[in-house]
Amino acid sequence: MMIGGERLQSIWYDRNADTVCIIDQSRLPHEFEIIDLNNLGDACHAITSMQVRGAPLIGVTAAYGVYLALRDDPASLEQATQALLATRPTAVNLQWALQRMNQGLAATAVEQRVTQALEVAQLMEKEDIAICEAIGEHGAAILANLWEAKRESQSALNVLTHCNAGALATVDWGTALAVVYKAVAAGVPVHVWVDETRPRNQGAALTCWELGQQDIPHTLVVDNAGGHLMQQGKVDICVVGSDRTTLDGDVCNKIGTYLKALAADDNAVPFYAAVPISSIDFSATQEGIPIEERAADEVSHITGLADDGLVKRVRVAPHGVAISNIGFDITPARLVTGIITERGVFEASRASLQQLSTALD
Ligand code: MRU
């Protein structure tokens, strides 16, 4: 992604310093800071505190976390895996990445594990970039086709997205936003409606910041505006990411995604999920997906830049109110027009995703 005219990733390995660097997303958009992850504790903290977030980026961070743990203690594979697994429950990429690290490392002599862990983590970093680019290309073809049908009657193609499924949620490019970036590069004039995405405001803070850095026209809306915009014919397509997609094509993503899909269905707006195959849990059913519940203070309080230029946290709910902070919801396959992967676009159905699964074997 371009940041201040410079190409940067959300995570990378700095060979000279032998450290893992991340953009601290908990500070955006008010402060831009790159921080180092130097040990397993740093990697776990980065995931739990959401300095890094987004399913694919959580996976790559976990892979580097294994490397950092083994660098300190080459015999700590099991302990590191358990610590990382406990950081966040919903994004299947975490398990996927740790499984992949373990598969390679378990059979390797302990003294060679550190080097191998770094190699595999770096490979996963590289692969994630290529995967997201491919998702972008496949999705951009959908946007280009839609634009052909609409170009006579409007000045831009209106895409609605929820949360942040951009470069910040992956190593680079993103999933849903990769579709936007590739469509824009192919000449489609895109305007993005950005849901603010309470309670943590990933849309307002991260997606708007990221789109601004790439000069993509966008408008921030409150989470409840999507249905109205769709009724007014102001949304041509919804594209979201996913933390875990089932074999049946049910899409688990940031809380509020389901409501957008319902509104899209009611208004005949196509609704796509852009999903790396590492986010598909071929063994999961809707009921089996662990849905993260986060701290109540994310709902009772809100953080932002005050008029005095300082980042402050203020209470928006009365003291003592009962709070539920459910992080994700599941959009059933019947509301999903298609699943955009690095291997092409699939129907959100067991038959279609089973074919993909078989092709991977
Ligand atoms: O809680 P977050 O910010 O990690 O949630 C992120 C999302 O819901 C994204 O849409 C999802 O991880 C897909 S990212 C390509």
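Visitor: Which helices each supply at least two residues of the lining of the second largest cavity?

Guide: H2, H4 and H5. This is a predicted model: local features need pLDDT of at least 70, side-chain atom pairs count only at pLDDT 80 or more, and totals for chains, interfaces and linings use all residues. Residues are numbered from 1 along each chain as its sequence is written, and side-chain values use heavy atoms, without hydrogens and water.

Visitor: What makes H2 a helix here?

Guide: A DSSP run of H or I, at least four residues long; strands are E runs of at least two, and both are numbered from the N terminus. Helix H2 covers 55-72. The protein chain has 11 helices and 18 strands in total.

Visitor: Why is that space called a cavity?

Guide: On a 1 Å grid over the protein atoms alone, a 1.4 Å probe fits at its points but cannot get out. Its volume is about 80 Å³, meaning the space filled by probe spheres set on points joined across faces, edges and corners.

Visitor: Which residues line the second largest cavity?

Guide: Among them are Pro56, Trp96, Glu127, Asp128 and Ser278. Each lining residue has an atom within 4 Å of a point. H5 gives the most, with four residues.

Visitor: How do you know which lining residues count as nonpolar, polar or charged?

Guide: Ala, Val, Leu, Ile, Met, Phe, Trp, Tyr, Cys and Pro are nonpolar; Asp, Glu, Lys and Arg are charged; the others, Gly among them, are polar. The lining of the second largest cavity then divides into five nonpolar, three polar and two charged residues.

Visitor: How many cavities of 30 Å³ or more does the search find?

Guide: Three, over the whole structure. The largest cavity holds about 200 Å³. Its lining has 25 residues, and the closest to its centre are Gly54, Ala55, Asn164, Asp243 and Asn253. H2 gives the largest share, three residues. The classes are 11 nonpolar, 10 polar and four charged. Domain 1 (2-126) and domain 2 (134-360) each give at least three residues to this lining. The domain bounds come from an automatic or database assignment.

Visitor: What makes a pocket a pocket?

Guide: An open set of points, with protein on both sides within 12 Å along at least five of seven lines. The largest pocket has a volume of about 640 Å³. It is lined by 26 residues, and Ser26, Leu28, Pro199, Arg200 and Thr303 are the closest to its centre. Nine lining residues are nonpolar, nine polar and eight charged. Helix H7 (202-213), helix H10 (297-300), strand S14 (301-305) and strand S15 (311-315) each supply at least two.

Visitor: How do you know where the second largest pocket lies relative to domain 1 and domain 2?

Guide: Both domains give residues to its lining, so this pocket lies between them. It holds about 470 Å³. Of its 16 lining residues, Trp96, Gln99, Ile277, Ser278 and Ile280 are the closest to its centre. H4 gives the most, with six residues.

Visitor: What makes S3 and S5 edge strands?

Guide: Each has a single partner strand, so one side of each is left without a neighbour in the sheet. The order is S3-S4-S5, open and antiparallel. A pair needs at least two DSSP bridges. Four bridges join S3 to S4, and Tyr13 stands opposite Val20 in S4.

Visitor: Which strands are the edges of the sheet S13-S10-S11-S16?

Guide: S13 and S16 (328-331), each pairing on one side only. This open sheet of four strands has mixed pairing. S11 and S16 run antiparallel, joined by four bridges. Cys252 has Ile330 in S16 as its bridge partner.

Visitor: How do you know that the radius of gyration agrees with a compact globule?

Guide: The rule is 2.2 Å times the number of residues to the power 0.38, taken against a radius over C-alpha atoms. With 361 residues it gives near 21 Å; the protein chain has 20 Å, so the two agree. Along the principal axes, the C-alpha atoms fill a box of roughly 65 × 55 × 45 Å.
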